[in-house]
Every structure is written in structure tokens, then in C-alpha cells.
Amino acid sequence: MQEVVLPEILAGRLKEIYQGLQDEYDRVARELHFSCNGCPDNCCDSYFLHHTYTEWAFLWIGFRRLDANRQDTLLSRSRTWLEECEKALAVGGRPQVMCPLNENGLCGLYEHRLLVCRTHGVPARMKRPDGHELRFPGCFRCQEIVAVDYLDKQPPHVERTPLLHSLAALENQLLGGKRHLLPKVRITIAEMLVKGPPALPAGHEGRNTEP
Ligand code: SF4
Ligand code: SF4
């Protein structure tokens, strides 16, 4: 197996996508007068799956910058997290276990947190390749605001489609244009750490860094 390494130039593009998403998120949050300040909940216990080698490799760039003790701690927590989730999944439930990277409410790899971590909260929409539109209402607190202030009108929302297209294009470039031929990624953050950095059978890794 050959590790899928995210070259610096592609990591830079991923950061631009994240920034675009952040800007959109901030715009919508501002318009809604919404913030996470004072929230009794913490979304980091939500069970999310992630779908790109790109984000997996980017998480590993951040993870490798931690010292060895810290890495061991996070790996150990990730294994425990997986055991807890497996118990919930085994009885047909949706796991709700605090992310192994979360410490006292803060993200231990904040600069490298994943797209989903950056999008939860405000209303959003995205169009699937088959044209079907998906709508996300935002978190429970945001829905409370919308229920009062947007009774008779549409609330502002983040349009995720162009940003997700950019991420898909970036993923395809990382994989040398062979994204459609390679095993799909469907993985939690804990699995990303426990499995190690993303890897593909030798000869399948892409790393086409041309613009
Ligand atoms: S990676 Fe960070 S932001 Fe994302 S769920 Fe884990 S602790 Fe929360
Ligand atoms: S996104 Fe919503 S539920 Fe999550 S921490 Fe912020 S306010 Fe709370």
C-alpha cells in the first residue's frame, strides 16, 4: 500500500475551500443573529462519516505535528470511541459519543477539523449530482430562531453545492483523475486515526499536483 500524501499546493486549495465555507457560514449566522455562545450542547458528539481521501490526509498532516504522547492519547481515545460506537450500532442506535479529539469542549486539531465540523449549525442546501436538492435545517438552537423570526419567509442558508464541487475536483486531482475507480471513503474521524493515513494499493495513488 502507498500512502496518499496531500501535497502542499492541494492542502492550500483545501484551506481555501474551508475558508469559503467559513465565510458563508459567518454570513448566514450574522443574518440570523445566531452563535454557539452559551449553548448547553456540543455538536462534537454527533456521529458523522467523512468521504474524501483529501480531508483524511489533511487530518494526518495536523496529527503528525502533535508530539508522540499526545498522538498516543488521541489514538487510545479513538479506539475507546470506536468500541462505544460499535455498541450503539449493534443495537440499531445512532451513536452519540464525544469525538476523541474534543477536550473540554475544544477541538484538539482545530485547524485540521473536517468539513462537516465546519458546517453544522446554520441552515444549508446542496444539490446532488442527480439534481435532487437536500436541505439541512441547522441545529436545534438555530431552528428555534428560525421558527420565531422566519415564520413567513425563507431563512438565509449556506449553499454548499459549489464548495462541495470544488472539494470533489480537488479529490479527483489528488487521486490522479481516478477517483471514480478507487475504493469509496466512508469513515469516522476515529477510524481515520486508528487506521493510519490514507493509503491505496501501489500504482493507484494519484498525486497529480498540476493546476
Ligand atoms: S474534529 Fe474537532 S470539531 Fe470535529 S467533531 Fe472532533 S472535536 Fe469536534
Ligand atoms: S451548532 Fe448549535 S447545537 Fe452545536 S454548539 Fe452551536 S449552537 Fe450548540
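This is a short tour of one protein chain and the two ligands modelled with it, stop by stop. Keep in mind along the way that the model is predicted.

**Stop 1: the whole chain**

Start with everything shown as a cartoon. The chain holds 7 helices and 7 strands. Followed from the N terminus, these elements come in the order β-α-α-α-β-β-α-β-β-α-β-α-α-β. The radius of gyration is 18 Å, close to the 17 Å that the globule rule gives for 211 residues, so the chain is as compact as a globular protein of that length. If you turn the C-alpha trace along its principal axes, the spans are about 55 × 40 × 35 Å.

Two percentages are useful before zooming in. Of the 211 residues, 28% count as buried. Among the contacts with a separation of 6 or more, 80% are between residues 24 or more positions apart.

**Stop 2: helix H1**

Now select residues 8-32, which make up helix H1. This helix has 25 residues, and the distance from its first C-alpha to its last is 36 Å, close to the 36 Å expected at 1.5 Å a residue.

Show the side chains next. Which residues of H1 are buried? They are Leu10, Arg13, Leu14, Ile17, Tyr18, Leu21, Glu24, Val28 and Leu32. To see what covers these buried residues, colour several other elements: the cover includes helix H2 (53-64), helix H4 (115-119), helix H5 (140-149), strand S6 (158-159) and helix H6 (161-174).

**Stop 3: Ala29 in H1**

Stay on H1 and pick Ala29, which has its place in this helix. Is Ala29 buried or partly exposed? Ala29 is partly exposed: 18 other C-beta atoms lie within 10 Å, while a residue needs 20 or more to count as buried.

Leaving aside neighbours within four places in sequence, Ala29 is in contact with Phe34, Ser35 and Val122. Add Val122 to your selection: this residue is 93 residues away from Ala29 along the chain, yet their C-alpha atoms are separated by 6.5 Å.

**Stop 4: His33, just after the helix**

Move on to His33, which comes just after H1 and belongs to the loop between H1 and H2. Its phi is near 55°, a positive value in a residue other than glycine. His33 is exposed, with 8 other C-beta atoms within 10 Å.

**Stop 5: a sheet of 3 strands**

Next, select strand S4 (residues 124-127) and strand S5 (residues 133-136), then add S6 (158-159). Together they form an open sheet in the order S5-S4-S6, with mixed pairing. S5 and S6 stand at the edges, each with a single partner strand, so one side of each has no neighbour in the sheet.

Strands of a sheet pair through backbone hydrogen bonds, either parallel or antiparallel. In what sense do S4 and S5 pair? Their pairing is antiparallel, over 4 bridges. Label Ala124 and you will find Phe136 of S5 opposite; likewise, Met126 stands opposite Leu134.

On the other side of the sheet's order, S4 and S6 run parallel and are joined by 2 bridges. Here, Arg125 has Glu159 in S6 as its bridge partner.

Finish this stop at the hairpin of S4 and S5, where 5 residues lie between the strands. Gly131 in this hairpin takes a positive phi near 90°.

**Stop 6: Asn104**

Jump to Asn104, in the loop between strand S2 (102-103) and strand S3 (106-107). Phi of Asn104 is near 50°, a positive value in a residue other than glycine. Asn104 is exposed, with 5 other C-beta atoms within 10 Å.

**Stop 7: the two ligands**

Which residues surround ligand 1? Select Cys44, Cys99, Leu101, Asn102, Cys107, Leu109, Arg113, Leu114, Cys117 and Ile189 to see the shell. By class, this shell has 8 nonpolar, 1 polar and 1 charged residues.

Then centre on ligand 2. Around it are Cys36, Cys39, Asp41, Asn42, Cys43, His120, Gly121, Cys139, Phe140, Arg141 and Cys142. This shell has 6 nonpolar, 3 polar and 2 charged residues.

Conventions: Residues numbered from 1 in each chain as written. Chains lettered and ligands numbered in written order. Predicted model: local features only at pLDDT ≥ 70, side-chain atom pairs only at ≥ 80, totals over all residues. Near = placed C-beta within 6 Å. Nonpolar A, V, L, I, M, F, W, Y, C, P; charged D, E, K, R; others polar. Rg over C-alpha atoms; globule rule 2.2 N^0.38 Å. Buried ≥ 20, exposed ≤ 12 C-beta atoms within 10 Å, placed from the backbone. Contact = placed C-beta atoms within 7 Å. Expected span 1.5 Å × (residues − 1). Pairing = 2+ DSSP bridges.
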